[in-house]
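Biologist: Please take a close look at a single strand and at how it is paired.

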Amino acid sequence: MTEPKSPPAREVWITGIGIVSSLGEGLDAHWDALNAKKIHVDDKRFAPYIVHPLAPVTFDAQIPKKGDQRQMEAWQRIGTYAAGLALDSAGVKGNKEILGRMDMIVAAGGGERDLAVDLAIMTADAKGNSSPGFLNERLMNDLRPTLFLAQLSNLLAGNIAIVHGVCGTSRTFMGEEAASIDAARIALARIESGQSEIALVGAAHNGERSDLLVLYEFGDFNLKEKYAPVWQREGTSGFALGSAGCFLVLESREHAEARGAKPYAKLTKVVADLAQRKQPGAVTKSLEALWPKLGVAGDSGNLITGATGAEPVTSEEKAFLRQHPGFAVRATGTMFGHTLETQFPLGLALAALSLSRGALFPPNDPSGFEVEKADHPDQIVVVGAGHWQGEGMALVEAVK
Amino acid sequence: MSAPSDKFGRPIVVVTGMGVVTSLGAGKEDNWRKLTAGESGIRTVTRFPIEGLKSTMAGTVDFVTVDPVTSTGLTERLAEMATEEALAQAAIGAKADFPGPLFLAVAPVEVEWPQRLELGRAIGKTEFGYDDMLRVSGGGRFAAYHHRFMFGSVASHLAEAFGTKGSPISLSTACASGATAIQLGVEAIRRGEADAALCVGTDGSVNPEALVRFSLLSALSTQNDPPQAASKPFSKNRDGFVMAEGAGAMVLESYESAIGRGAKILGVVAGCGELTDSFHRTRSSPDGKPIIGCMRKTLADAGLAPEQIDHINAHGTSTPENDKMEYNTTAVVFGEHLPKIPVSSNKSMVGHTISAAGAVEAVFSLLTLEHQRIPPTINYEIPDPAILFDVVGNKARDAKVTAVMSNSFGFGGQNASLILTREPV
């Protein structure tokens, strides 16, 4: 119960990683796909929009009850699945004692709408058929009663609690890309300070949704017509939505050692900002201001970014990256598409995976901005700058 | 133990500013006067047609309007009003320069019906699909709707308006959200990360689809006439909650910082606790263990024994299940001391302000401590014989109150409790 005001920060390890995405599921599949420079896009289903669809997944493997699967929309199934992979990877799956006191912070958006119901109401309205109670009547009669629960942001965490028994605490952060930066930041701060021992942190995103395309089209953020890697979208800026779920188990070193858990890496620092983007260059300045807070050693290293491909933020981030030319950059948006809340945990996961495999995965960038990096990494910086707001960074380090 | 620390050596977290808006009115004064007079803010909805709805009343905040009409816009405005009041009272920092982070409890955001229908009409056809919608969505015509319907939009607006520091956190733990926002602020101050935090819960989401969604889950009262009598926590004939709007804001500060700048201390957040229920998406575990554990964790966090709690500001939604479960679990935690604890539910008057409820009720709990007067649970005409709380029924009660437990329980197994005191414990 004691939390002295300024205790020495405890070391926090990443002891579990779960990823499912357009490239497959699990660490080996992702490592192989990244090394093979695999990219999986679908430019037909939502043409002219491009998405990175989820690879085929047998949800039964992590969500055994069909009844549970039916209660969820795709984003919740993806997230509950990835959370299960992370718990397996940490060796705590089914460990009721640990799961019963495990803290959870999920970064979430919301679930898919019933497109058919929406369209029927909209077309009736466009025909002038809408009496005062029309909307109410259609919604009352046509919405599936439990659809709300599949849409509610905090019900991804709720489903993870039900399916996997993670039930210490449960918090859901919202707010697009920044939500997961803050989720990692708060989970880290709580463990460092002794407010928590072990936490499940992550997010999930279903990018194969017409209603999301409409929302991002309002701001002209969608990549159209032709796929291009993130650093080659100057003429056609935008992001290709991606489906992915990614969860991490974070744990105090003491807690991990006591149960004999092996770390993939340690999470040393997470910092975040809300730049006032009305001013041009604000993102570059914000990232520059965050950089010295990370404690990066030297002027060369490795960096994984969730750069979206949308403008002006991608160019502003690139201007920042150009000030650190010694860092080999990898943009996850090229391979995974833009997975919103999931992009930052994905960056952390790939950093930890790379550190544990002793190498940064190869560049996947015909523009040449990403370069080969042969040496064995000790540190990897993870950067996230949201498509419209929110900036953050993390330092992931090898455990020595 | 040094003076600014609690018995566990952590910085004591105090409240130096509060603001509130509900269907009863804007501000602490108006709300407190009406709350203690037993007035209801629940009325028949007039903001949109109610034909075809099973529940036609709500605690809407009709004296605040926003243009364009969106629930998210109203949610933002309510938060702004409550925050302005809290900051004026705290007199902390400078204008648009709050010296700490923002933790915002807010409902999930999505494109709303008026805007969706506007988009449909813009297509210019009477038969269309999502392809047609997508064709007219871009090009800047609806650019404002992108920002409006981002989940982080309310928090970013508040962060800019009030100059909070760092990345603002928007959170949802369903009906426990307001309490979670306060808990995050308490934790940040206890870690020594911040001397002050702005914690806000806000909800302006009474719209047709929100009412339909809760209706389809059979969660709402359908006793529409008279609307003021619909919310009847702990009554035998209760049949559901009444949706409502509102916002509560709190400036939290370390005791050291508040004393250092000579701020008036309004109360102490002595303890916070949460425990997840993994039983079901909308129902509590029948054994009540997660709720019992949540209350016990909160008592332990405050370092208080059950006998030291002298009032419970109940979650008290007026749903058949919640009120019964809340009684059963509270009885286990407080045992033979329970009959000595007056219990009341503000929701009988303001309705269930969902994402805001934990924050709104924390403000009311502190006002209870300040005035040594407990607001009533109105509509308490037919007590449920299975709920043996000492309900403060229908009339406010003067009482010696030193420590209040405020409970919040939500869909998704979310349980959170707070303990608020007048003085450091």
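The answer below follows one strand of chain A and its partners.

Modeller: This is a predicted model, in which local features need pLDDT of at least 70, side-chain atom pairs count only at pLDDT 80 or more, and totals for chains, interfaces and linings use all residues. Residues are numbered from 1 along each chain as its sequence is written, while chains are lettered from A and ligands numbered from 1 in the order in which they are written.

The part chosen is strand E1 of chain A, residues 12–21. Strands (E, at least two residues) and helices (H or I, at least four) are DSSP runs, numbered from the N terminus. Ten of the ten residues of E1(A) are buried, so the strand is largely enclosed by the rest of the structure. Here a residue is buried if 20 or more other C-beta atoms, placed from the backbone, lie within 10 Å of its own; with 12 or fewer it is exposed, and in between partly exposed.

Two strands pair if DSSP finds at least two bridges between them. E1(A) is joined to strand E8 (residues 244–252) of chain A by nine antiparallel bridges, and A:Val12 has A:Ser252 as its bridge partner there. Two bridges, also antiparallel, link E1(A) with E9(A); in that pairing A:Ile14 is matched with A:Ala265. E9 of chain A (265–273) is also among the elements that give two or more residues to the side of chain A that touches chain B.

Strand E2 (residues 24–25) of chain A pairs with E1(A) in the antiparallel sense over two bridges. A:Ser21 has A:Gly24 as its bridge partner in E2(A), and a hairpin of two residues connects E1(A) to E2(A).
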